[in-house]
Each structure stands twice: as C-alpha cells, then as structure tokens.
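Colleague: I have a two-chain model open and would like a quick tour. Can you walk me through it?

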Amino acid sequence: MNWKIWLLIIFISSSLLAIFPMKFYQGLEIVSVDTNSLAYNQGLRQGMRIISIDDKSIINLKDFQLALSKLPSSENQKLTIITDKGSFILFTNKTLEISVKKIEKTRIKTGLDLSGGSRALVKAQDKELTKSELNDLISVTEERLNVYGLNDVQIKTVSDLSGNNFMLIEIAGSTPKELENLISQQGKFEAKIGNDTVFEGGDKDITYVARTGDQAGVYSCQDSGDGSQICQFRFSISLSPEAAKKHADTTCKLGTNSSLPQYLDKPLDLYLDDVLVNSLFIGRDLKCSETTQIQISGSGSGQTREEAFDNALTEMKQLQTVLISGSLPFKLEIVKLDTISPLLGKEFINTILLSALLSFIAVGLVIFIRYRNIKLSLAVLLTSFSEILIILGISALFNRNLDLPAIAAIIAAIGTGVDSQIIILDESRIINTSLKDRIKRALAIIMGIYFTTLFSLLPLMWAGAGLLKGFAIVTIIGVSVGVFITRPAFSEIVKNIVKE
Amino acid sequence: MLESEKAKTSWYNKNYKKLLLIPIILLILSLSQLGYMYFKTGQIIDRDITLTGGTSITIFVEKEVNIEEISDFLNGKIEEFVIRELSDFQSGKQKAIVIETLSSSEETKKILEKFIGYKLTNENSSIESTGSALGESFYKQLIYAVILSFFLMSITIFFIFRSPVPSFAVILSVFADIIMTIAIVNIIGIKISSAGIIAILMLIGYSVDTDIMLTTRLLKRSGDINENLKQAFKTGLTMTLTSIIAVATALIITYSISNVLAQIFSILIIGLIFDIINTWITNVIIMKWYLEAKK
C-alpha cells in the first residue's frame, strides 16, 4: 500500500485514540464541591471519581441520589465515600454540597452553546485597561469565583481589531444567579466610624474570614411586618494588628450612647461600593481596645422564609467573597452576558448528528448519480468522514470546545473537501495525459483553493473580540487536514479504482 | 456532432457576450437594493441583536405558548421585538420560544415572567445580552473582516494566476455572488446575525472553489475552449449541486431547532445558487472573451 494511505490510517487511528479514551471508568465524576462545605474540608475535590457510597457502587445519578437519600436528617449520619483518590468518611446531617456528572464516554468537549453555561465579556467603565491591569483583574476575579466555589471556570483576556481589551469569563454547567454581581462588582468594602475608615476588604486589613462552622451562618429569621420575611446572617473576621490599632484609636474618641448606654455613641458603618449595607453598634467594653475579632452581620429578605434564608446566605457569601478578594481599582461593566440553559443540549447534538448523516447520504447519492460507481461514492464519503474524525481528534487532543461556530467550521471544511474530491475525480478521468499528471494538475487547483480559503479566514482570528476565532481555527485545521492528509490518500484510492 | 448541436454551438460562439447582460442586470438590481437599504436605514443590511446589541431570551416552555398572545402582550412593553418558536424536528411540538428585543435583559425578563406566570431561572431559560456599543463594534469589525478577507482572497487569486483578466474575472464573480446574496437576504427580510456574517465569509470560500477550477482548466489545458468549458461545467455543477443538496438537507433538519445554523445554511444556499450564475455566466464569458481575443 502507498505511504499516503498509511499516513491517513495513522491519523485516523490516532484521532480515534484521542477521542475515545482507552480505559473505561466506572462511577461519577465530581464537577464541583462547595469550598464552604464539610465535604470540601474532608478532602473531596473536583475531578475525583466517586466509585461507591456506603459499599453501594455508584454507576448512575440515580444510584447517587439513592445513596444520599438519608440526608438531610435530624441527626448525624455516617457516610463512607470511596473515590479513585481514596476513601472519605463524613458525619453530617445536611445535604452534601457537591455536584456530580456521568463520566464522558468521549473526550470531545461541547461548548457553552451546546452544553449550557455562561459567558461574560467584561471591560472597565470609561477606561482602557493596560495588560497588567487586566492581569490584576483576572487574578481578583479568579479568586472571587474560586472563593465562591465555582471551579470549571476559564478566564482570559481578549482583544479585538479596534484594540479594545476585555476579560472573557466562561463557566461550564449551571450558572449561579449572582454571577453578575460576582464579576462586575468593584467590591470596595469599607468599615467606617463616622468619617474615619477603620478597615477595608482584602488581605491587608483582614487576615481571616470565617466561612463555616459556628462562626458563620444565618442565625435568625422573622416577619418584617409588611408581609415579607427577613433573615440575619453573621460571620466573624480577624483584623490585622494595624487595623486593630486603628480600631482602638478611633473608638477612644467616642462617647457613650445616651439611649443605649451599653453601646458607644457612633456605630461601625459597613459600606460596599459606597453604599451603606449595615450599621453595627459597638459594645462599650470595646472602647480603646485593639480587638482583632469582629462580627460582621447583615440580612436578606424575601416573600417566603425560604427565599429570605437563601437570600441572606447569598448576601453573606458575596460579602465574604469581596472581603477575601479585596476590591478592584476601577469600576467594571459587563458588555456581554450569555447564560445558556443546559436543557436543549443533548437533543441539539442528536439533531446535528442526524443532519450530518442525512447530508452524507445526500452527497453520496449525488456522486453516485454523476459517476455511476459505488466505489467512488464510498471513497468520497470515507474521505469526508475521516476528515471529520481527524478534526474531532485534534479538537480532543488540544481540549478545544466544540461549539456552534466550530460545527459551522466543520461543515465549511467538509464542503470544500467534497468540492476538491470532485475535482480530483474529474481530472483523473480525462484521458489526454498520464494519470500522474492529471492528479498533479488536480492538486494544483486544490492548493489554489486551499490558500485562498486560508487567507480569507485570517481576519476572523481578531474580529469580534475573538469570539469567532474558533470558527477560523477549526476551518483552517479542517482544510489543512484535507489538503495534506486525506486528499493525497483519496487520489491514491481513486487511482486504484480508475485503473481497474 | 449533430446539426442542431452545431447550430447551437455556433449561436453560442457568436452571441455569448450578450449573455453577460444577465449578471450585469442582476448585479445592478442587487446594488440598487443595497443602496435603497442604505438610504432607508443607514445600513446595507438588517442586523439582529447580536450586531446591534440587545437581549435574546429562550424559554423552554412547560406548556405550549401561543405566539400571537405573547406578541400582543409584549406589544408596547418592550422595544422592537421578534418572537420565534423552536420545535422538535420529528414531532413538530413546540419546545421553546425565543424573544429578541432591543430592551435590556432585566426588563425583558420581568415582563416575560409576568406573562408566563413563573420565574425564569438559568435552568428553564437561556439569556443572551449584548451591550449596544459592543454590538456596534462587533458589526463594524465583522464588516471589516469580510472586506479584509475579500482583499486577501483577491491577492491570492492574482498570485495564483498572475494574469489580470482571469484574476479579475474570478474576483468579480465572487463579489457579484456576495452582493446578490445580501440583496436576496434583505428582500426576504432576514435579520443578519454574527453567524450570518460567518456564512458570508464561508461563501467567499465556496464560490471561489468553482472559479479557480474553471480558470485553471481554461488557462492550463490545451485544446478547444468550448470542449474544456463543457468539461469544467460538468465538474463545477457537480461541486455546487453537491453542496446545495447537502446544505439544504441540513437546513431542513436544523431549521426548527437552531436559529444560528438555520441562518448560516439559508445564506449558503442562496449564495450557492448565485454561484452557478456567476461562475457559469460571468466568469466563463469573461474568460472566453479573453481567450478568444488572445488568439
């Protein structure tokens, strides 16, 4: 057999290996673990594979739900979770704050527009960010999302043809409802007594923020009087010695509250992005004391108690997040925000596969009607099919997401591919010169088409904040695979068929 | 050769230049359509919210929603909106409704929640919003990308053929193809999205294929021009028909479920049909004229 055909075979088999992992794993993969939870503290992490819970093997989501059905309960339950990275024993009475998914059968990752998730394009308000400012922004955002417990996150800088710089955030899976706040909030936190700032958010003033256990949580809920419900949260933080000193100096200047003598006459006001979020009375015994422990509190409201509780918890988590990550030196603006529900995904992929299959059959038929040779039809289909396989293989290898633009790109590449194959077929059937010359001439046309396509795609690498880069890259991969790998092999196959 | 066929060929040889009138008239009509559009709206195309900025909300409905009812309800409450349905390909059952509007996502969401009577979450709906400044800048850049692509394609063509008239013929055919397609898209009333602009870029690639094949055959092959033309026509028509049939099949299936793919496929089909005219009339006649003058 000719080396060109061998080359194709090698590429097809490596692509198959890249797409389908050799090992078949059992169990469910952990997609995320709330960093604020017992499961996290015990060592369960994203990416681990749950094999069994309490000696019952976990194969699908139903097994998982069944195994955890004893939670939440009134008293602590013992859970033995066996993963690929070891076993974990938990005592809890609450629902586990982890989410899992089935282990993918292939390594092809689908993009947000197919599998659900969210995407935000963020820029600074009225300001052009420099590269280093953008990098600072990204590290603060990464920390915030991380503190918040979002793990499957990609953040990168993108710039467009007009020289604008953006931060692009992509989060796979379900979208938290407070995403907008998390990424666009400047997060300037200040604790003031009168006009004096005592401490600010970030690790300069705040050395520790309690997020679990007795020191953090929603502690009471009641009717607010107007029919709605209100819940209070509190959590403690530790101040740095400098901040504690400042607290002492500022409180020394205060007098005693005349109507509530157990407190000082001015409260500690908490501001988030220049808006007063809460005022806390300061106990008289704290006057002039270099205290490092401070209780931060706040509230959330809602129509029902459950909603109020959830909102209070959300508020607390957000406040904790900005206290830990500190503030950004500029105001941000979300210029594009897409949240895609994962609901349509599977059906979508099935529809696309169906349409690919039928298009294939249609192409095969047209080729058959034209050449009256089933072998040639099959050769064309085989070539196009191997092109798709190799494109998918390369995508899997480089962890590229397969999204709608990428699918359009595969269609573009396959379309050009079929066109080139028809050129080879026709050139090889004209009988005035040797077969070799004919194929050579066909390849000259094909190279012409290749370079025109290649150059015409280049502008898309930069236009539109890089959101269409995927289309350009996949098409370029596709047409290159066609020209350098599948088409030489196809010409060989055609030579053999025509010789017969 | 049969007598009748001979007569046909000689008629064609004498009168072929007149055939060029067909694409010329079509091109003038198309350019006037674009001019009219520009005069009326200030843009040569009608853009959807991905290029103007705005909100698109897809609601995965629990029970079927009457499009007219929701349309009446939204009238006057949100700015310039379009409603579409997504349905299951096999059963035709409504799966989701898509509302596109220039209003903000917060506002639109609230009003829609009032109509359907339950809260829109990240599970039961998808929301895409683009700021108007960004939409505007996307649009400008994509137009710029298309022009740049066309320019790069033209340079490559000159480089391949190294001869002004044949290169010009190819470039003119691709140009005519794009202009005629956009005119038809405008007439049908399709609002072009960023995916639509991708489709126009794809079209540059698809339509240049047949033109390069034709020109190479005519320039590099010895023998009778008409015979070479006939051969090239057979090849080229197979190429374009295969593409049209494949894309049409894909359009029928994805039409009900994806606006993005449906728009890409529709624009490609329109463009491929014009490609037949532009390759086999515009490009062929200029080349035949050129080759005969050279003799």
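Modeller: Let's begin with a pair of strands. Strand 1 (residues 54–60) and strand 3 (residues 94–101) of chain B pair in the antiparallel sense over 6 bridges. Strands are DSSP runs of E, at least two residues, and helices are runs of H or I, at least four; both are numbered from the N terminus. Two strands pair if DSSP finds at least two bridges between them.

Colleague: Which residue stands opposite B:Ser56?

Modeller: B:Glu100, in strand 3 of chain B.

Colleague: Before I go on, how were numbers and letters given, and is this a prediction?

Modeller: Residues count from 1 along each chain as its sequence is written, while chains are lettered from A and ligands numbered from 1 in the order in which they are written. This is a predicted model: local features need pLDDT of at least 70 and side-chain atom pairs count only at pLDDT 80 or more, but totals for chains, interfaces and linings use all residues.

Colleague: Back to the sheet. What is the strand order?

Modeller: It has 8 strands and is open, in the order 9(A)-10(A)-8(A)-19(A)-4(B)-1(B)-3(B)-2(B), with antiparallel pairing. Strand 9 (153–159) of chain A and strand 2 (81–87) of chain B stand at the edges. Each has a single partner strand, so one side of each has no neighbour in the sheet. The twist averages 15° from one strand to the next. Axes here are lines fitted to C-alpha atoms, for helices over the stretch in contact, and angles run from 0 to 180 degrees between N-to-C directions.

Colleague: Where do the chains join up within that sheet?

Modeller: Strand 19 of chain A pairs with strand 4 of chain B, antiparallel, over 4 bridges. A:Thr339 has B:Ile127 as its bridge partner there.

Colleague: What lies across the chain B strands?

Modeller: Helix 5 (residues 105–116) of chain B. It lies across strand 1, strand 3 and strand 4 (125–130) of chain B, at about 30° to strand 1.

Colleague: How many residues are in contact between the chains?

Modeller: 56 residues of chain A are in contact with 59 of chain B. Contact means C-beta atoms, placed from the backbone, within 7 Å. Helix 9 of chain A gives the most to the chain A side, with 12 residues. By class, that side has 33 nonpolar, 15 polar and 8 charged residues. Ala, Val, Leu, Ile, Met, Phe, Trp, Tyr, Cys and Pro count as nonpolar, Asp, Glu, Lys and Arg as charged, and the others, Gly among them, as polar.

Colleague: Any other sheet in chain A?

Modeller: An open sheet of 4 strands runs 12-11-16-17, with antiparallel pairing. Strand 12 (196–200) and strand 17 (275–280) are its edge strands. The twist averages 30° from one strand to the next. Helix 7 (residues 241–252) of chain A packs on the sheet, touching strand 11 (189–193) and strand 12.

Colleague: New topic. How far does helix 6 of chain B reach?

Modeller: Helix 6 (residues 132–161) has 30 residues and reaches 43 Å from first C-alpha to last. That is close to the 44 Å expected at 1.5 Å a residue, with the span taken as 1.5 Å times one less than the number of residues. B:Arg162 follows the helix, with a positive phi near 45°.

Colleague: And chain B overall?

Modeller: Chain B comes to 10 helices and 4 strands. Its C-alpha atoms fill a box of roughly 75 × 40 × 30 Å, taken along the principal axes.

Terms used
Contact = placed C-beta atoms within 7 Å.
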